[in-house]
Structure formats: structure tokens, C-alpha cells
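User: I've got a structure open on my screen and a few things I'd like to ask about it. Can you walk me through them?

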Amino acid sequence: MDFGLSPEQELLRDSLRGWLADELSIERVRETLDNGDAGAASRTAGDASAMQGLAGQGVLGVMLPEEHGGAGLGLLDAVVVATEMGRALTTVSYHSACVSAPLLLAGAGSAEQKSSWLPGVSSGKLLLSFAVGELEERDGALTGELRFVPDTATADAFVVVSGNGSEARAWLVERNAAGLQARDYHNIDITRQLGELQLSDTPAEALAESDELAGLVARVSDAARVVLAADSFGACERALEEAIEYAGVREQFGRVVASFQAVKHMCAETFAELEPLRSLGWYAAFAWDEQRDDAARTVALLKAHSAEVSTRSVMTTTQVYGGMGFTWECNQQLWFKRVGYNRQALGGPVAERARALSL
Amino acid sequence: MDLSYGPRYEDFRAEVKSFLADNADRAPRMTMRVVEHSQEVVDWQKTLIEAGYAARTIPREYGGYGAEPDLLETMIIAEEFSAARVSQGAAGQGISMLVPTLLEYGSEEQKRRYVPPTVNAELLWCQGYSEPGSGSDLASLSTRAELDGDQWVINGHKIWTSTAVEAGMMFILVRTEPEASKHRGISYLLVDMDTPGIEIRPLRMMTGSSDFNEVFLEDVRVPRENLVGERGQGWQIGKTTLVHERNFLGSSALTEGMLAACRKTLAAATDEQGGGNLVHGDRLMQLEGRALAMKYHGLRMLTDRLKGRNPGAAGLITKLNGCQLNNDICSLAIDGLADYGILYRGSPHAVDDGAWQKQYMFQLGMIIGGGTAQIQKNIISERGLGMPREPRATAGS
């Protein structure tokens, strides 16, 4: 019986936390965000040096096969990474770029597709993205629209999925493919870019056709859900730490506000909800890694529970700041929006609970 | 991450299973209430101690089985007895709170005299901690004990005393050093409940039952040697056992059982009674997510204990979360019953004789008892998160 992170996973957490604080601090993230327009060039995802730095930390290819330059580790390791990225507001769509897109490619791609793309994902030289929608295929070319696609502005290629059950098909669409148009959204979370793709007779390389494709899509989507939940957890954990620190120095009525029970209880309630969420996130990742029978249902319950707890958590920690919490200057807004993105993406709480009921 | 127990523990589990298969029919019926111990209970307790499934880690010379403490063995025993719905033997505050206290702080004479009959289920205890004027601020307690020759003379008023009527003895916190600061002036005494000057009055709860009592003590004389530990050490001694109580309240085994029962109630509820599962599925899944989170949090805390690590603030949340969750589960089951949810015991049409309403109220009591939810939040924020204490309000401010 050993429920928790291994010494290696704790080391990964500590070293990544240290590296992010030194090299990709929130101050630096803020500089790129504040200086840039809504376009892609300002995103860290398009910042080659940052991506290569992250690659040097071994975190981009955590879940990818070793033969393709990855670390060959599991979802629990990716959870460790995503938690740190949520804390540090790292401007990477990790759930898609390093989890669902490359994992589907690793599971259903040809040998050539894998060796052309996966090493680049691990080394930070190539950015993949994941998209699901209704597409029409004619003579190896795709037509249709894909919405809510991460990194439309910067991805080098998109792993796209259409159809359900035995009808499910998947392709790889390169960024410079003919007839592919990307449009940027303005989503609430300015740390991760989201957009949509228009495909008109766009050439695409099919991944292997298989009866198991739908199952694989469900599985990599579940992995992405667990990663989004971990990202929210990390965001809320750090938001609470900073709120407690602020409450310890902010004085009103002649005393630090952290000494008021009203403020302390807000923090205690938040903490008491976050810690079990951390435990559930670890278990969901473990169940996914071990392909346990309860994995899919646990993921749905985690995604829903994470949404409820994280939203409440960051609403509360923002209020600890009083009026300051509502300003652009206060970091709480960044975590607030990060959590807002994670809550809706790949299933909001009500949808996930309905899914859990059916599983 | 490894959730297996390993071959040694699986062998142990097989032993427990085989014991249960052979002996379960001799076990007394399970009840929630701790009552005066019948011969059947005492016999079953003896069987359990001999097999090593009760008083497992109590040394042999004090009437226990004498095994080395092993958390996983303890867990496996609990899991298997609970799965087989067989009584794990005598319970109560004597076994759960007094015995560990005496083993840690008691004199040799006290251990030999009190531990064996307590673990054998022959001697039942009650706890004299809370007072009408000292609830959350327990350390302000004012029941006094003064030394008069070889005897302590106790005067005061205790409340929330469960099993006071059935108990043969009480362990009590009393103020013996009125000059000392409030935490240092308290001592821990053992009182025979037959001593003249003790009056017990049942305290009726909102459920209608009298699960607690008030105990009035007037010139109650107990021998000087009934002091446990040193004079003025009572707060430190009593606090140790309270931590144990809080970890027990809100444990996830109870939550899982209640959630399963709730699911059953919702599934059985007809459309007339509120639509059952379909209507309430969303809330049921919300509760299941919370329950799962607490379940795996429990495994995380268990791992910390196995490794001798201090879980820090994360170890302080079980009571706060678990009791509220149990209360919410009852609330959903009652909603699932619609109008029938109002019916209480003895009523025509009452589902399970109104058990959900009783549980709902009982679990509210659990949120309050053993340190209110608000006190838990103070502990989490002050001891766990390092936030400062509320400054003392001064008169006239």
C-alpha cells in the first residue's frame, strides 16, 4: 500500500517548480501576455526557447514512447507536470499538445507518422493539437469545421477525429495543407490560445483504420480530462497559497485580515476541498495508467468534481483580496480564467456527471 | 503508487476470512448503540481477543492479544468484519479512548486494574469532558477537584456524556490548580459511577432519543491514586484522545455504506415519491465524486501513517468534510422520498421507519459534536495553514 507520488515523481515536481520559477515566472508570462496582441506570436507556445527549455526538463514527452524520444511514463507523471503548469500559468495547452494529440498518434499512427512527429513533440520543435468534429472525406481530402481547437495559431499539425463508434476516423492535417484556414477565438483564459479550423478539400493523412479507434479516442480524451483537472488543482493550490500570504500582510481595522475568522474559514474550507481533489486526481491517473475497470467512470467524476471545487476555490481566494482581487494586476484573475477554461473544456460538470451515470 | 497489500497481508486477509466463516454465527447482532454488555457480548469479545481480532495490540499482561501494531492488519480486520457484517467486538469510549490513554500515561497499578476488565468488555466507561459553560472552549472547564487527605473531592456539572447510565466508571477532566493558566490547571481522574454524590439526567436530542446525559457531581470523593499522570497534565492527556476521536468521525467507510443505501432508496422511490434516480442522478453523482475524493484521501493519509510521515494540514480535514458529506447524503435520500421523506418512526408509510430523517439529524449532531465544524476550520487555518489567531476581544471594545 503506497498511495501517492514516487520519489522520482516528487523530484520531477520539485525540479520543474524550481525551473518554472526561474525561467518562466508568472512575471515573464505576464510580460509576453501584456505586450502581445491577441495573436499567437506572443504565446509561449510559439516561443521556441521556452518550449525547448520545457523539453529540456523532460516534460513535453512524459507520456510518449521512449523509442520516439519520450520518457515512456504514465498519466500520473503528466498530472505532476500539469499541476505545476497550472500553478505557474505556463502558456502551453499541455492536455492537447503533449497528451491527447501525440497519444492518439502513438496509438493509431503509422510507423512513419510516429517517427516523423513524436520526437519533435518531445524536443519542443513540433507542436501538435487535437480536434474533434464532423468532417466529410473525399479522396483523402477533408471538408468541414472544427471548433474549440487548442493552439490553432501555432500548431504544426492537427490530429483530427470525426465520427463515432466503428465509424470513427482520424487523420493528421498539417498546418500548411491546402484549404486549411485557422481563426483565433478570444477565450477568457489568455494563457492558452484556442480557435477553429475550416477545412475545404484539405489533404489529410489517415491514421490506421481500426475498430478500436473510438476506444482509443475515448481513452486519450480521458487522459486529457485528468490533465485539465490537475491543471485546475495546481492553479487553485497556488492561488490559495498567495491569498493566505496576502491576508497575512494586508491590514484593516488595525490588524492583519488573516486574523479574522471570516477570512480564515474561507481559506480552511478551500483547503479542505482541495486536498481530497488532489487525492482523487492521483487515483484517476493511476486507474487510467493501470486500465482499471473503474477508470472511465472515475475520470468523469473527477472532471465534474474538479470543476465544482476549483471554481469555488478560486472564487473564494480572489475575494480574500477584496477590491485588489478584481484588478488586472492581481494574479488571481489569471488562475480564475485558467480554471474557467478547464471547467468547460472536454465536458462541463453537469455533462460529466451525466456521463458518469451512464458508465 | 501501489494499492496492493502484498502476499503477506493477503495471507492475513485469508486467515481473517476463514475465522469469520467458522465463527460468525456466534457473534452478537450489530447495533449502533453501546449498551450494557450482555454475556453474549463478553463471550464474543473473549473469542475475538484469543483470535487476535480485538484488543490486538494491547499487551498480554493487560488482557490483550499482544501483537505488534500494524496499521494494515488493523485495516484488513476492519474491512473483512465490515464486509461480513459481523461485530468487531465491544466498542465504547473505554476501549477507544481510556485504554490508549492509560497505556501511555497510567501507573502500572492503574493499567493492571483497569485495562483488562475494559478490553474484556466487563467494564464500561463514560467520558466527562464537556460542561454547560465549556463547549468549544473546553479548556475553560470549571468542575473542581480539591485534595482532602487521601481523596479528591469533585464538584461540578458535565454534559454530553454518552453511556453515563450504563458505565461503571468515568474518566473526567477537572480543575485542580485554579491558580495555574487554564490549560495547565486541569487533571485527569478516574471516577467510580457508584460513588455517592453523582446524579445522572438523560439529555433528549432533536431526534427524540436520549443518546446523551448530564452528570451532576456534588462532593464526590475518589481515592487520591485515581489521578492519571501528573497534576495539571490533564489537558495534554485528554487532547491526545480527542485527536483519535476526530479521525474516527467522518471516516469514509461509513460514507460508502450510506451512499450505497441512498442509491438503493433512490432506485426504489417511485415516480409518486419524487422520481428517484433519474431526477436526482446529478446530485447523486456530485456526492459520489465527493465521497470518492475522501476515500482516496483516506488512502493517502493511511500511506503517510504507514511511512511515519506527518500529513500536515491535509490530515485535519476528515471530520469537517466527512460529517457534512454524510449529512448531504441523507438530505438527498429524503428528497428522493418527496412527501414520504417527512415521515418519522412509527408512522404509516414511513420508509425504513423514518431512518433517513433520524440519520439526517444524527449527522447534523456529528457536524457539531467532537469539535464543531467552525472549530475544525479554526484548527485547519491556524495549525494547518499558519494563519494567526483571532485577537482576544477586550471588555467594552
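**Helix, sheet and contact**

Analyst: Sure, and keep in mind that this is a predicted model. To start, helix 5 (residues 94–108) of chain A has 15 residues and spans 20 Å from its first C-alpha to its last, close to the 21 Å expected at 1.5 Å a residue.

User: Where is the kink in helix 5 of chain A centred?

Analyst: Helix 5 of chain A does have a kink, with an angle of about 30 degrees. The residue at its centre is A:Pro102.

User: Is helix 5 of chain A largely enclosed or largely open?

Analyst: A residue counts as buried if 20 or more other C-beta atoms lie within 10 Å of its own. In helix 5 of chain A, 14 of the 15 residues are buried, so the rest of the structure leaves it largely enclosed.

User: Which strands does helix 5 of chain A lie across?

Analyst: Helix 5 of chain A runs at about 80 degrees to strand 1 of chain A, which is one of the strands it lies across. The full set is strand 1, strand 4 and strand 5 of chain A.

User: Which are the edge strands in the open sheet with the order 1-4-5-8 in chain A?

Analyst: That sheet has four strands with mixed pairing. Inside it, strand 4 (residues 157–162) and strand 5 (residues 169–174) of chain A pair in the antiparallel sense over six bridges, and A:Ala157 stands opposite A:Glu174 of strand 5. An edge strand pairs on one side only, and here those are strand 1 (128–132) and strand 8 (205–206) of chain A.

User: Which element of chain A gives the most to the side that touches chain B?

Analyst: The contact draws 34 residues from chain A and 38 residues from chain B. Elements giving two or more residues to chain A's side are strand 10 (255–256), helix 8 (261–289), helix 9 (295–320) and helix 11 (349–358). By class, that side has 21 nonpolar, seven polar and six charged residues. With 16 residues, the top contributor is helix 8 of chain A.

User: B:Ala55 has a positive phi although it is not a glycine; is B:Ala55 buried or exposed?

Analyst: Its phi is about 45 degrees, and B:Ala55 sits in the loop between helix 2 (39–51) and helix 3 (71–83) of chain B. There are 27 other C-beta atoms within 10 Å, so B:Ala55 is buried.

User: And how many other C-beta atoms lie within 10 Å of B:Asp352?

Analyst: B:Asp352 also has a positive phi, near 50 degrees, in the loop between helix 9 (318–336) and helix 10 (355–368) of chain B. B:Asp352 is partly exposed, and the count is 16.

How values were computed: Residues are numbered from 1 along each chain as its sequence is written. Chains are lettered from A and ligands numbered from 1 in the order in which they are written. This is a predicted model: local features need pLDDT of at least 70, side-chain atom pairs count only at pLDDT 80 or more; totals for chains, interfaces and linings use all residues. The expected span of a helix is 1.5 Å times one less than its number of residues. The bend at a residue is the angle between axes fitted to the seven residues ending there and the seven starting there. A residue is buried if 20 or more other C-beta atoms lie within 10 Å of its own, exposed if 12 or fewer, and partly exposed in between; C-beta atoms are placed from the backbone. Two residues are in contact if their C-beta atoms, placed from the backbone, lie within 7 Å. Ala, Val, Leu, Ile, Met, Phe, Trp, Tyr, Cys and Pro count as nonpolar, Asp, Glu, Lys and Arg as charged, and the others, Gly among them, as polar. Two strands pair if DSSP finds at least two bridges between them. Axes are lines fitted to C-alpha atoms, for helices over the stretch in contact, and angles run from 0 to 180 degrees between N-to-C directions.
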